Amino acid sequence: MPDLVRTTGGRRLRVEVSGDPRGRPVFLLHGMPGSRVGPRPRPMFLFQHGARLISFDRPGYGGSDRRPGRRVVDVVEDVAAVADALGLDRFAVAGRSGGGPHALACAALLPGRVTRAAALVALAPRDAEGLDWFAGMTPFNVREFHTAVTDPEGYEAGIIPRSADIRSNPARLLEDLRSDLTEEDRLIVSDSSIRSMLLRTYHEALRTSPYGWIDDALALTRPWGFDPAHIGVPVLLWHGARDVFSPASHFSWLAARIPRARAVLEPRAAHFGSLRALPDVLDWLLAGTPRG
């Protein structure tokens, strides 16, 4: 199986496949900042559940070439390129946090190939009608996203040194977030296994460049290039009611917009509760996906 896939435009995407090589294929699209290395269920879980989990670094992260000016919808081309390289016709797609909108793009624009899609703790579009996009969001995120919208060059200038600090000490990102975490989220990220996966993914995300992170934020706060209302495949939305990074109002907007979406709102959970929910979400995806 290739660990580097070239798109039709010649860009390189770094890919990682885990679990059952003959299992039912599921793409897992990482968060922001994030990379192909996780967090994800343990290999034994994937084997036992017959899952073939496919992940790749979005452009600019880890080992994938940058695509300046990319939009959320552009992920569709990359997922299709990886699926073609692996000989996959049909597959499911899941995305967590910043990966959630990207999973929804695949559901909207690859209906003949995507069997089911899941978006966990996802943001809604910045131009979502009737949604106060910043309401309920931590002040830190409000500042970051507002700068990305109003001063993209200033946002880039701020992320470059911050990403260098995190690259040298990945725990710095969790320390920066700590004051905004609920007690439950603090317990989750303190778990040695989860913490190890998070630190590994942050380091890999920023190992070669800060631009995956920069381009993600710009893409998420600009028009996505598709309307979630046009999604026709089964979709599972999972969210924590106490999330202050992706407020639950975003979940409610998406649930009302996406036809026949199955919406799960956990009253005590926050942002990182999605890591504990992921195994059950994968089971739901696998139930509607044939073997590759």
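Select strand E6, residues 114-120, in this predicted model. Seven of its seven residues are buried, that is, under 20% relative accessible area, so the strand is largely enclosed by the rest of the structure.

Keep E6 on screen and add strand E5, residues 91-96. The two strands run parallel and are joined by five bridges. To see one partner pair, pick glycine 95 and alanine 119, the latter in E6. Now show helix H3, residues 100-109. Together with E5 and E6, helix H3 makes a right-handed β-α-β unit.

Next, add strand E7, residues 235-240. E7 pairs with E6 in the parallel sense, over four bridges. Here the residues to pick are leucine 120 and its bridge partner in E7, tryptophan 238.

Move to helix H11, residues 273-287. Its 15 residues should span 21 Å at 1.5 Å a residue, and the end C-alpha atoms are 22 Å apart, which agrees. Centre the view on proline 279, where H11 has a kink of about 40 degrees. Then colour the buried residues of H11, among them Leu275, Leu278, Val281, Leu282 and Trp284.

Last, turn to the cavities. The count comes to four of 30 Å³ or more, and the largest has a volume of about 440 Å³. Select Met32, Pro33, Ser97, Asn141 and Phe245: of the 29 residues lining the largest cavity, these lie nearest its centre. Helices H4, H5, H6, H8 and H9 each give two or more residues to that lining. Which helix gives the largest share of the lining? The largest share, four residues, comes from H4, which covers residues 139-150.

Technical notes: Residues are numbered from 1 along each chain as its sequence is written. This is a predicted model: local features need pLDDT of at least 70, side-chain atom pairs count only at pLDDT 80 or more; totals for chains, interfaces and linings use all residues. Side-chain values use heavy atoms; hydrogens and water are left out. Buried means under 20% relative accessible area, exposed over 50%, partly exposed in between (1.4 Å probe, protein chains only). Two strands pair if DSSP finds at least two bridges between them. A crossover is right-handed if, with the strands pointing away from the viewer, the path from the first strand over the helix to the second runs clockwise. The expected span of a helix is 1.5 Å times one less than its number of residues. The bend at a residue is the angle between axes fitted to the seven residues ending there and the seven starting there. On a 1 Å grid over the protein atoms alone, a cavity is a set of points where a 1.4 Å probe fits but cannot get out, and a pocket is an open set with protein on both sides within 12 Å along at least five of seven lines; lining residues have an atom within 4 Å of a point. Grid points are joined across faces, edges and corners, and a volume is the space filled by probe spheres set on the points.
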